[in-house]
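Trainee: I would like a close look at a single part of this protein, namely its salt bridges. Could you take me through them slowly, with the surroundings they sit in?

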Amino acid sequence: MGYGSEMQNRRIADLEVSCIGLGGMPLSLAGRPDESDAVRVIHAAIDAGVTWIDTADVYCLDDGDIGHNERLIARALREHGRADGVVVATKGGLRRPQGDWVTDGRPARLRDACDASLRALGVEVIDLYQLHAPDDDVPFADSVGALADLQRAGKVRHVGLSNVSVAEIAEARAIVAVASVQNRCNPFETSSFESGVVRTCAAHGIAFLPHSPVGGHGGHARVANDPTLRAVAERHGATPYQVCLALLLETADVVIPIPGASKVASVRSSAAAADLRLVDEDRALLARAFPKAALSRSAPDPGSL
């Protein structure tokens, strides 16, 4: 498998994007690379055919560092020279006091966060603005309504959700057109398959964006050591991580994984997974090892829509 400059595309609403994106979070948390190295990672992703990047205002160290990842991405896009058309998705609805992760879905807070993200990204409109997580202290409809207001104001092109259930998707769809849902999802963490979230997204043409698609922080070893993933990888001259991504891509046409990366080699490897073509023997092995990942292929549950 090579590192080509083109990749098959999928859609987030009317946005045509590469079938694998780049998750920016590892570039801005504790232990992050220096800024020049981080910019090289983003450039390598674009050169490998990645045309969309997922970020958030809270991809940073703490509240004093808010917007770090957004500013980093903005710099990388300015300096690349051939980054026109790269879609950037960001999120609001969390804070980072003393480095903690705290929900804050108050409408006023979301409006302020969106304005700050517009400044950090250096754009007039955000391609995809996502509610980072429901806030138990704020009615979900109020938070979603704030994003709908931002869309009507022309600050947000499309609205997305993150860390949500089927019921929350339905509630949000009654308020605003939902372009995407981003939940933690990989062959070992399958709640979005089991709960019907992926089926619901497929039924309504909502892009499903698996974050931590190869295990996330602390989960990489499980992927690397899994015997089925290793066997399929060896047959294709690939890595278990690439097989993970290829498996997710096959579960539904609306699935667009966003692996994170903090090294050039990692981002190139993830992008190359788009070229991995599983065969029937692979699918049979993977279906036995990860049966819950196939649930999204069945007919949508009418009760979940």
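Mentor: What follows goes from the whole protein to its charged pairs, and then to two valines for contrast.

This is a predicted model, in which local features need pLDDT of at least 70 and side-chain atom pairs count only at pLDDT 80 or more, while totals for chains, interfaces and linings use all residues. Residues are numbered from 1 along each chain as its sequence is written, and side-chain values use heavy atoms, with hydrogens and water left out.

The protein has 12 helices and 11 strands, where helices (H or I, at least four residues) and strands (E, at least two) are DSSP runs numbered from the N terminus. Its radius of gyration is 18 Å, which agrees with the value near 19 Å that a compact globule of 305 residues would have; the radius is taken over C-alpha atoms, and the globule rule is 2.2 Å times the number of residues to the power 0.38. Of the 305 residues, 55% are buried, where buried means under 20% relative accessible area, exposed means over 50%, and partly exposed lies in between (1.4 Å probe, protein chains only).

Turning to charge, the protein carries 31 positive and 39 negative charges, whose mean positions are 2 Å apart. Lys and Arg count as positive and Asp and Glu as negative, whereas His and the chain ends are not counted; each charge is placed at NZ of Lys, CZ of Arg, CG of Asp or CD of Glu. Side chains of opposite charge can pair when their charged atoms come close. A salt bridge here is a side-chain nitrogen of Lys or Arg within 4 Å of a carboxyl oxygen of Asp or Glu, and by this rule the count comes to 18.

One of these joins Arg 106 to Asp 104, with the closest N and O atoms 2.7 Å apart. Arg 106 is partly exposed, at 48% relative accessible area, whereas Asp 104 is buried, at 4%. Another salt bridge brings together Glu 189 and Arg 184, again with 2.7 Å from N to O; here Glu 189 is partly exposed at 23%, and Arg 184 is partly exposed at 30%.

The side chains of Arg 235 and Asp 282 also meet in a salt bridge, at 2.8 Å from N to O. This pair links distant parts of the chain, since Arg 235 belongs to helix 9 (residues 227–236) and Asp 282 to helix 12 (residues 280–289), 47 residues apart. Arg 235 counts as partly exposed, with 39% relative accessibility, while Asp 282 is buried, with 0%. Beyond such pairs, Glu 35, Arg 75 and Glu 79 are linked in a network of salt bridges.

For contrast, consider two valines. Val 41 lies in helix 1 (residues 35–47) and is buried, with a relative accessible area of 1%. Leaving out residues up to four places away in sequence, Val 41 touches Leu 27, Ala 261, Ser 262, Lys 263, Val 264 and Val 267, where contact means heavy atoms within 4.5 Å. Val 102 is found in strand 7 (residues 102–103) and counts as partly exposed, at 27% relative accessibility. With neighbours within four places set aside, Val 102 is in contact with Gly 93, Leu 94, Arg 95 and Pro 97.
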